[in-house]
Amino acid sequence: MPERARESAHPHLSRHTLSGRGRAVAFPAFLLALLAWGCAEAPEQEVLELSFGHVGAPGSLFALSADEFAARVNARLEGEARVVVYGASQLGGDEVLLNKLKLGTVDLALPSSIMSSRIPEFGIFEMPYLVRDRQHMARIEEEVVWPVLAPLAEDHGYRILGVWENGYRHVTNNTRPVRAPDDLAGLKLRTPRGTWRVKLFQNFGANPVPMAFSEVLIALRTGVVDGQENPLAQIHASKLNEVQQYLSLTEHVYTPAFVTVSPDHWEDLPEHVRAVVEEEARGLRDFVYETAKRLDRDLLVTLADTQITVNWANGDAFQRASQPIYDEFTTTVELGQELVDRAMRVAGSD
C-alpha cells in the first residue's frame with residue numbers, strides 16, 4: 001500500500017513513533033502531547049530588574065544603605081522584581097546617573113550635592129552649619145523637602161522617593177591642619193560639582209576644583225589637588241586617608257542623599273512594584289541614620305589609628321566666615337530666604 005494510503009487508513013495513529021525491539025510502535029497523538037507536557041519544565045516568570053546606581057565605595061554609607069534597601073525590596077518582590085545595586089560609580093558619576101535616569105537606562109540613583117547644580121533651591125543643603133543633627137534633618141525633610149523641594153525636583157524631571165544621608169563633611173589635605181578658615185588659603189581642594197560648595201570654599205580662601213568623586217583618589221595621589229572634603233564614611237571606604245596627611249573635623253556641611261527616579265519611566269513600572277520600592281525607600285531612614293551614627297563614631301577611632309593626623313576645627317570661626325554664603329543664597333535664589341527660615345524654624349532645642 002502506498003505511504004499516503006496507509007496513513008489515511010489509520011486516521012487515529014500519529015506519524016511520531018517510538019522504536020521497540022526492532023519494530024515501530026505507534027502512539028496516539030494526544031498521549032504524546034500529554035507526555036511532552038508532563039516532561040517539559042514550566043517557563044520561568046521573567047523577573048523585572050531595577051538598576052540602582054550610586055558613587056559610594058564598598059563599605060560606605062551609600063553602599064550599606066543601598067544594599068539594605070535592595071535586600072528589603074527583593075524579599076518583598078521575590079519572583080516579581082529585584083533591585084540590583086551598582087556602586088562605586090560603575091554606571092557613572094552623579095551627573096551621568098542623573099542623565100541616565102531621564103534616558104531610562106538607569107532606574108534609581110542616589111544624588112547628593114549635585115542636586116544644587118540642577119535645581120537652585122537644593123542649595124539649602126549647601127548652607128554651612130544649617131543642619132544641627134539628624135533629628136533636625138528629619139524635621140527639615142517634612143517641612144522643606146516634601147512640600148517644597150520634591151515638587152521642584154519633579155518639575156525638573158526627577159522624582160524623589162526617599163531622603164537618606166551622605167553625612168557631615170570634613171576636610172583632608174596634604175599641606176597643614178585646618179583649624180580656621182585662614183588655614184584653607186591657597187589650598188587646591190576637590191569639591192563636588194555643586195554650585196554652592198564651590199562658592200563656600202572660595203569664600204574661605206581655598207581654590208576649589210570641582211570633579212567627579214570617582215576621580216578624587218587619583219587626583220590626590222598625583223598632586224592635582226592638595227585635599228578634598230567628604231564624610232568620614234566616604235573618606236575611609238575610598239581609602240583617601242592613605243593619600244592624605246591631615247584630617248580636620250570641620251563638619252562644615254551636612255548633605256542628605258535622595259533616592260531618585262525619572263517620573264516618566266517610573267510610571268511604566270507595575271503599580272505594586274512602585275508601591276513597595278517607595279515604601280522601602282522612605283522606611284529606610286531610621287536604618288540610614290543609625291548606620292551613619294555608628295560609622296561616625298567607629299570611623300573616627302579607626303582613622304585616628306592610621307597615619308593621618310586628626311584635629312578638630314574651630315566651628316565658631318567657620319560659622320562666622322560663612323555668613324556671606326547665606327546672604328548670597330537668600331538674595332539670589334527665589335525661595336532662598338523662605339527655605340532658610342523654614343529650616344531654622346524647626347531646629348528645636350535637641
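This is a short tour of aromatic rings, charges and one strand in a predicted model.

**The whole chain**

Start with everything shown as a cartoon. You are looking at 15 helices and 13 strands. Of the 350 residues in the chain, 50% are buried. Switch on the surface for a moment: the accessible area is about 16800 Å², and carbon and sulfur atoms contribute 51% of it. Among contacts with a separation of 6 or more, 74% are between residues 24 or more positions apart.

**Stop 1: Phe 52 and Phe 69**

Now turn to the rings. The structure holds 9 aromatic pairs. Select Phe 52 and Phe 69, one of these pairs: the arrangement is edge-to-face, with 5.7 Å from centre to centre and 85° between the planes. Colour strand S3 (residues 48-53) and helix H3 (residues 61-76) to see where the two rings come from; Phe 52 belongs to S3 and Phe 69 to H3, so the pair ties together parts that are 17 residues apart in sequence. Both Phe 52 and Phe 69 are buried. Add Trp 164 to your selection, and you have one aromatic cluster made of Phe 52, Phe 69 and Trp 164.

**Stop 2: Tyr 168 and Tyr 254**

Next, select Tyr 168 and Tyr 254. Their ring centres are 4.9 Å apart and their planes stand at 65°, so this pair is edge-to-face. Tyr 168 lies in strand S6 (residues 159-168) and Tyr 254 in strand S12 (residues 254-261), so the pair ties together parts that are 86 residues apart in sequence. Are these tyrosines buried or exposed? Tyr 168 has 10% relative accessibility and counts as buried; Tyr 254, at 3%, counts as buried too.

**Stop 3: strand S12 and its neighbour S6**

Keep S6 and S12 in view. The two strands run antiparallel and are joined by 8 bridges. To find one of the partnerships, select Arg 159 and look across to Val 261 in S12.

Then show the side chains of S12. In a regular strand, side chains alternate between the two faces of the sheet. On one side of S12 are Tyr 254, Pro 256, Phe 258 and Thr 260, on the other Thr 255, Ala 257, Val 259 and Val 261, and all of them are buried, so both faces are covered. In total, 8 of the 8 residues of S12 are buried.

**Stop 4: charges over rings**

Finish with two tryptophans. Select Trp 146 and Arg 282: the charged end of Arg 282 sits over the Trp 146 ring, 3.6 Å from its centre. Then select Trp 196 and Lys 199, where the charged end of Lys 199 sits over the Trp 196 ring, 5.5 Å from its centre.

Note on methods. Residues numbered from 1 in each chain as written. Predicted model: local features only at pLDDT ≥ 70, side-chain atom pairs only at ≥ 80, totals over all residues. Heavy atoms only, no water. Phe/Tyr/Trp six-rings, centres within 6.5 Å; stacked < 30°, edge-to-face > 60°. Helix = DSSP H or I, 4+ residues; strand = E, 2+ residues; numbered from the N terminus. Buried < 20%, exposed > 50% of the residue type's maximum accessible area, 1.4 Å probe, protein only. Lys NZ or Arg CZ within 6 Å of the ring centre and 35° of its normal. Contact = heavy atoms within 4.5 Å. Areas by Shrake-Rupley, 256 points an atom, 1.4 Å probe, with all protein chains shown as cover. Pairing = 2+ DSSP bridges.
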